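Visitor: Before we go through this model, I would like to hear how its descriptive terms are justified. Could you set each value against its definition as we go?

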Amino acid sequence: MWAQEIVAGRPAWRHVPSGVVFRAVPGGTFRMGLSDAELEAVRAIEQADGADDNLEAFFAGAVQARPVREVRVEPFLIARHPLTVAQVRHWLPEYEDSFAESASNTARLEEDLDDLLGALPFRLPSEAEWEYAARADTTTLTFRGDGRPDEDQVLGDFADEERTAAAENAFGLAAMGSANEICGDVWIPHFTDAPADARPRTGDGPRVVRGGGGDLHPWQGCDEWLLLLSATRDEAQDFTAVRPAAPVPTSQGT
């Protein structure tokens with residue numbers, strides 16, 4: 001079921017039946033949530049006229065990604081990038097995507113999301129796993145640093161291998177933050193009493209989504225770049241992308 005390969009100069013696990021490439025994310029601990037330093041970095045961008053609008057709504061909503069806490073994450077696999085239209089069609093052959101210009105675009109699912117999740121032999125990452133993977137051992141706004149993310153950090157088509165590789169972080173993951181990626185957690189608008197490990201929080205209601213900076217591209221000057229931040233989180237509403245996760249295989253066959 002699994003084959004070990006080198007993809008873009010990095011070790012990877014390919015799910016042989018579907019062809020989806022996964023990266024192995026090492027275990028570790030990290031500080032999850034919008035830190036004071038990150039909030040100060042966003043304020044510095046605003047004060048330097050790097051923001052398009054007043055960001056008071058962002059700062060008022062920062063409580064949704066706080067309090068910051070240390071989280072322990074076990075090793076796991078996560079897809080190199082969100083599933084594309086072509087990859088989704090491996091499980092849902094009749095899948096159509098009105099948002100996509102080609103089969104190599106990120107798939108955005110609406111009423112067919114549950115059908116895909118029921119067909120996948122994988123799971124959704126918890127949002128702790130997602131943020132840990134997005135940060136890739138950094139503590140800055142994005143893995144690139146504390147500067148305002150530019151539109152060149154948006155990636156939603158993976159036909160160009162060179163551009164995909166250039167968009168990878170230190171864990172070999174591309175386009176973290178570009179798509180509106182669904183996680184395994186139920187939406188709770190804070191981290192109070194959240195577990196100290198990477199288990200998803202369960203319950204009734206909509207799930208958490210992370211990212212989405214590319215879903216609003218071309219940007220309209222409404223500070224969509226904030227959706228590219230590693231700690232930005234929201235409540236799932238409309239269409240979502242899927243970046244599946246899985247246990248690290250014990251061998252190439254399992």
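Guide: Let us start with burial: a residue is called buried when its relative accessible area is under 20%, exposed when it is over 50%, and partly exposed in between. Please keep in mind that this is a predicted model.

Visitor: Why does R210 count as buried?

Guide: The relative accessibility of R210 is 0%, and because the limit for buried is under 20%, R210 counts as buried.

Visitor: What makes the contact of R210 and E127 a salt bridge?

Guide: The definition asks for a side-chain nitrogen of Lys or Arg within 4 Å of a carboxyl oxygen of Asp or Glu. The side chains of R210 and E127 meet at 3.0 Å, N to O, and therefore satisfy that cut-off. R210 belongs to strand 8 and E127 to helix 5, so this pair ties together parts that lie 83 residues apart in sequence. Through salt bridges that share partners, E38, E127, E131, R135, R201, R210 and R233 are joined into one network.

Visitor: How do you know that R201 and E127 form a salt bridge?

Guide: Their N to O distance is 4.0 Å, and the cut-off is within 4 Å, so the pair is listed as a salt bridge. This pair links distant parts of the chain, with R201 in the loop between strand 7 (181–186) and strand 8 (207–210) and E127 in helix 5 (residues 127–135), 74 residues apart. With relative accessible areas of 10% for R201 and 2% for E127, both residues are buried, because each value is under 20%.

Visitor: Is R123 called buried, partly exposed or exposed, and what is the value?

Guide: R123 has 35% relative accessibility, which falls between the limits of 20% and 50%, and so R123 counts as partly exposed. Its salt-bridge partner is E129, with the closest N and O atoms 2.8 Å apart, whereas E129 itself is buried at a relative accessible area of 8%. The structure holds 21 salt bridges.

Visitor: What makes strand 1 and strand 2 a pair of strands?

Guide: Pairing requires at least two bridges found by DSSP; strand 1 (residues 2–7) and strand 2 (residues 10–15) run antiparallel and are joined by 6 bridges, so they count as paired. Within this pair, I6 has P11 as its bridge partner in strand 2.

Visitor: How many bridges support the pairing of strand 2 and strand 3?

Guide: Strand 2 and strand 3 (residues 21–25) pair in the antiparallel sense over 2 bridges, which meets the requirement of at least two. Here R14 stands opposite V21 in strand 3.

Methods:
Residues numbered from 1 in each chain as written. Predicted model: local features only at pLDDT ≥ 70, side-chain atom pairs only at ≥ 80, totals over all residues. Heavy atoms only, no water. Helix = DSSP H or I, 4+ residues; strand = E, 2+ residues; numbered from the N terminus. Buried < 20%, exposed > 50% of the residue type's maximum accessible area, 1.4 Å probe, protein only.
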